[in-house]
Amino acid sequence: MGDRFVVVPVDGGEIAEHPGSVKAQAARLTCDDGWDEEPELEEDALFKPQDPNAAVPILEYNREPNKYGDGVPKENSPFINNTDNDKSSSYDGTNMALFEEEMDSNPMVSSLLDKLANYTNLTQGAQEHEEADDDEGSKKKAVKSPQMGTFMGVYLPCLQNILGVILFLRLTWIVGTAGILESLAIVGLCCSCTMLTAISMSAIATNGVVPAGGSYYMISRSLGPEFGGAVGLCFYLGTTFAGSMYILGTIEILLTYIVPKAAIFVAEKKEDQGDALLNNMRVYGTCCLTLMSVVVFVGVKYVNKLALVFLACVILSILAIYAGVIKTIFEPPDFPVCMLGNRTLQNHNFDKCLKMDMVGNVTATTQLWKLFCKGPDFNATCNEYFLNNNVTQIQGIPGLTSGVISENMWSVYGPLGMLVENKKLPSVGGSDPTQDIYLPYVVNDIASFFTLLVGIYFPSVTGIMAGSNRSGDLRDAQRSIPVGTILAIFTTSVIYFTCVVLFGACIEGVLLRDKFGDSVKGNLVIGTLSWPSPWVIVIGSFFSCCGAGLQSLTGAPRLLQAIARDGIVPFLQVFGHGKANGEPTWALLLTAGICEIGILIASLDAVAPILSMFFLMCYLFVNLACAVQTLLRTPNWRPRFKYYHWALSFLGMSLCLALMFISSWYYAIVAMVIAGCIYKYIEYRGAEKEWGDGIRGLSLNAARFALIRLEEAPPHTKNWRPQCLVLLNLDSDQVVKHPRLLSFTSQLKAGKGLTIVGNVLEGTFLTKEAEAKKAEQNIKSSMTAERTKGFCHVVVSSNLRDGVSHLIQSAGLGGMKHNTVLMAWPGNWKQSNDPQSWRNFIETVRETTSAHQALLVAKNVDSFPANQERLGEGTIDVWWVVHDGGLLMLLPFLLRQHKVWRKCKMRIFTVAQMDDNSIQMKKDLQTFLYHLRLNAEVEVVEMHDNDISAFTYEKTLVMEQRSQMLKQMQLSKTEREREAQLIHDRNTASRASMNDKSEAVPDRVHMTWTKEKLFTERNRNRECNSNVAMRDLFNMKPNQTNVRRMHTAIKLNEVVVNKSQGAHLVLLNMPGPPKNRGGDENYMEFLEVLLEGLNRVLLVRGGGREVITIYS
């Protein structure tokens, strides 16, 4: 165990504590995060007792672990020399001194383990709690460690959330309508889906610590912010609509089975009963939602405390059902169902199931007679079917041993308004469907079919995420979540399967299909089976639905708050705020608003498929997350839960997708469109979260596969497109000089292909790392502003020349390498004092040619149009002087795909010499363009072989004189001194020979120089040298090669300016630099003359391969 010693002054064996003493200092713990921080010990406190009575400092034995928990005695003691720097160090140990300089970034392992041991999960929305605790400082109380086990923390919450309203209100109707076999298929499909999802969820939940974000956290961290946001909001909407469903269930139980007389809207006619019920549901549902929202807002802690009460109601209700089933074996309950012929009657407005009854020895008509006849008299006009058929009474609950199971085995689907009939009973015709709707028959309130029942039933198996949502409260979440969730699903599946079989074996088919229990005096059908009383189920299901509704209204706002605080959906950020204690007030308001939409729908059967869609979408992505992570074999994928397989996850995902379309194909499409829109919105807004998700891994694998395939062969000419390396210049503040170069790139590329934006910083990477990061950030900001999609690559090199060379050689990866370099024309190369700037430009031209890459040089790039501009009618002029692969033809076509250049027309000019047939050239060029499928005007410009003008000679001479002067001006100090010394030596030697001295002249004259003589001689020779040089400048004649090149530049410039001065853009072949590097500055002058008088110019130099073809 780690021990340490603290020096304290002692007098007479008693420890004296003083404000300045070491013990007092050690007692002051000021670290806000609850960690013990070692105080800095002052020398005065160590060597000089503060109290005269305190004499000798001794070592006090202290077992308190030090700051990093390494158990090593501290070096801060009077016996070790410490510097101030050492005192402020975060590490004070002798055994690991070799690593002490890196302790700030790489803490000791013992420190890391100590922090992990003190890790606590906080529930969503607890950020304010943390901040409040931080403000308290040393007063902070230790966080109570979570203590909930598997049973209380996962199993029971899952049980409570899975069992609910559908079991009590709709399962009997589903069994009666679909039959036992198809009901078992429905239950099997839905339970298999949730079991497979639970297996996938268990794998994800045990792959590391899951903070209290539950399912949303798991999905978003596994599939990324786009999928996370989309699925998180789907899960939120599902939870919210679940709240609507539970509230509607609560009101249905209240108004149908507990206090039917509380209805505000009462139907006078039978055909209006459905509408009246829906209106009552809307009014009472809205009131109930308001009340529940207030309860959640005021006292959410009471909701959590009542959870066990609500769970007890569910368990008691289920036990009452099983007890009732057992009782039917010995003594079936007495719930008679009145039948007219084979039709079921609503038993609300009559007491006896008889047409006539003996009252005081007198035969009289009954209340039932009055419902079918126009009066109580025997001769009154009656319904024909009523007269032709007898009234019989059958037992609604014949019992487990009655054999009714064989009759309930098969489905009885039907349209809206279909009569609920028992086909075994006799029935005589005379039915009039137009009149039957007004008579007290039990009828289908909705059209029933298999897929509808799947959508209605599925919400009864949701709630499997309840355990993972409580992960912050669990003692061992990685063990409890899989065990508790799978056990809860198994338990509920057994309950559902047995209920389906028992309901079909105990209850008469017509009563099963009677959704609201009208044939048994408005009793809850499942209640008629229960023991000791139907009220056990009615009251139990009522509180169960209330509790589930409150839980949904509690959980959904916290889920929305978690999504909002992640910041991936900007317009939801307002819902991340809450009360001072972290309660999500704004999120609760939105949840209540959405919940009200479900309540206004008012029908439980219509709301259930909606929330089924959202939950199925969520489960689908849980399975997808597990399958993706498993198939990718990411190094971090190491779940403790081992009983999973990607095939199971894929099966679960397929089952979820199938159930979505089985339940309701149109709801499924709407849910997928909503999720897709959220996904694209997050992607469009640029989610900057990096959660190490599986989709990123999937993208990496797909990119690797594609890159390997790309490298197998070079792209065909038909697939060639400019993959650009954009060479940007930055100013001294690392701000982009020419952002329009990025605009032009995006216009040229239209988001297709590869774009790499490169920049070179001069220096070494160790000293320029911060500047490189800043430059990269600025470039990325400019790329975002100019809508340029691509990659940024900042290189630090000892000089710009090498850096650009490295970029041209190494940018890109595999087959995704650039084939085109785009750069700005160095407009101020003449004014630059540093000739290296334009020399770098020329070397870049040479290197792109050597690398067989195309080169685009934009002159006056700052005048190029922005992405927001729309150029009007105008032209893009192409001057096709030499053919170097057809890039000149392709670029205008690509530019015109963009909105900026769309209205521009393309004109192609080519140059004819004296011996060329210009008419034939024009025809051939038009044919060529036709085969290339390019629309362009064609013009052939004739350039006559004029004599070289005096102006050309003069311009060439000025160019060469300027070049010579620059060379002389740019001689370094050392070179000038060397030149002066050589001139001096030469002059000395010549004077010696003129004096006819006989001795041999040495190669170098050795003289004894004084300092004054040296400076005098050097200045004299420098003046002499400069005079000679100036004389040579004025006497020089221009080089004939330069004269011819200047002539070409001037003549071509005249023609281009004459034809294309008003064009929006001029594309021109770029001549190559001279092979002799001595003429580099002349090359820049030629290009300057060639471009003179033109505004927007793009010089194009092909990469030496064909980039456009006439073939399909």
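These legends accompany a set of close-up views of a predicted model.

**View 1. A salt bridge joins E407 and K424 within a loop.** Here the two side chains come together with 2.4 Å between N and O. Both residues sit in the loop between β8 (391-395) and α14 (433-436), 17 residues apart. How accessible are the two partners, E407 and K424? E407 is partly exposed, at a relative accessible area of 34%, while K424 reaches 57% and is exposed. This pair belongs to a structure that holds 17 salt bridges.

**View 2. Helix α27 carries a salt bridge between E776 and K780.** The closest N and O atoms of this pair are 3.5 Å apart. Follow helix α27 (residues 765-785) from one partner to the other and you cover 4 residues, about one turn of the helix. E776 is partly exposed, with a relative accessible area of 27%. K780 is partly exposed as well, at 39% relative accessibility.

**View 3. Strands β10 and β11 run parallel, with α27 completing the unit.** The helix from the previous view returns here, now as part of a right-handed β-α-β unit made by β10, α27 and β11. How many bridges join strand β10 to β11? There are 7 between β10 (residues 755-762) and its parallel neighbour. For a place to start looking, try N759, which stands opposite V794 in β11. Strand β11 (residues 791-797) is mostly covered, with 5 of its 7 residues buried. As a general reminder while viewing, side chains in a regular strand alternate between the two faces of the sheet.

**View 4. R907 and D877 form a salt bridge between two strands.** The N to O distance for this pair is 2.6 Å. R907 belongs to strand β15 (residues 904-912) and D877 to strand β14 (residues 874-880), so the bridge ties together parts that are 30 residues apart in sequence. Are these side chains in buried or exposed residues, taking R907 and D877 in turn? R907 has 18% relative accessibility and counts as buried, because the limit for that class is under 20%. D877 is buried too, with a relative accessible area of 0%.

**View 5. Several charged residues share a network of salt bridges.** The linked residues are R170, E252, D445, K515 and D605.

**View 6. The largest cavity has a volume of about 60 Å³.** The structure holds 8 cavities of 30 Å³ or more. Which residues line the largest one? Its lining is made up of V296, F297, P557, R558, K579, E583, P584, T585 and L588. The elements that give two or more residues to this lining are α10 (273-298), α20 (534-566) and α21 (585-601). By type, the lining divides into 5 nonpolar, 1 polar and 3 charged residues.

**View 7. Some backbone angles deserve a closer look at W531, P532, N860 and R933.** Most residues other than glycine have a negative phi, and most peptide bonds are trans. The peptide bond from W531 to P532 is cis, with omega near 10 degrees, and P532 lies in the loop between α19 (525-529) and α20. N860 has a positive phi, near 55 degrees. This residue is found in the loop between β13 (854-859) and β14 and is partly exposed at 35% relative accessibility. R933 also has a positive phi, about 60 degrees, although it is not a glycine. R933 lies in the loop between α31 (918-931) and β16 (937-942) and is exposed, with a relative accessible area of 53%.

Technical notes. Residues are numbered from 1 along each chain as its sequence is written. This is a predicted model: local features need pLDDT of at least 70, side-chain atom pairs count only at pLDDT 80 or more; totals for chains, interfaces and linings use all residues. Side-chain values use heavy atoms; hydrogens and water are left out. A salt bridge is a side-chain nitrogen of Lys or Arg within 4 Å of a carboxyl oxygen of Asp or Glu. Buried means under 20% relative accessible area, exposed over 50%, partly exposed in between (1.4 Å probe, protein chains only). Two strands pair if DSSP finds at least two bridges between them. A crossover is right-handed if, with the strands pointing away from the viewer, the path from the first strand over the helix to the second runs clockwise. On a 1 Å grid over the protein atoms alone, a cavity is a set of points where a 1.4 Å probe fits but cannot get out, and a pocket is an open set with protein on both sides within 12 Å along at least five of seven lines; lining residues have an atom within 4 Å of a point. Grid points are joined across faces, edges and corners, and a volume is the space filled by probe spheres set on the points. Ala, Val, Leu, Ile, Met, Phe, Trp, Tyr, Cys and Pro count as nonpolar, Asp, Glu, Lys and Arg as charged, and the others, Gly among them, as polar.
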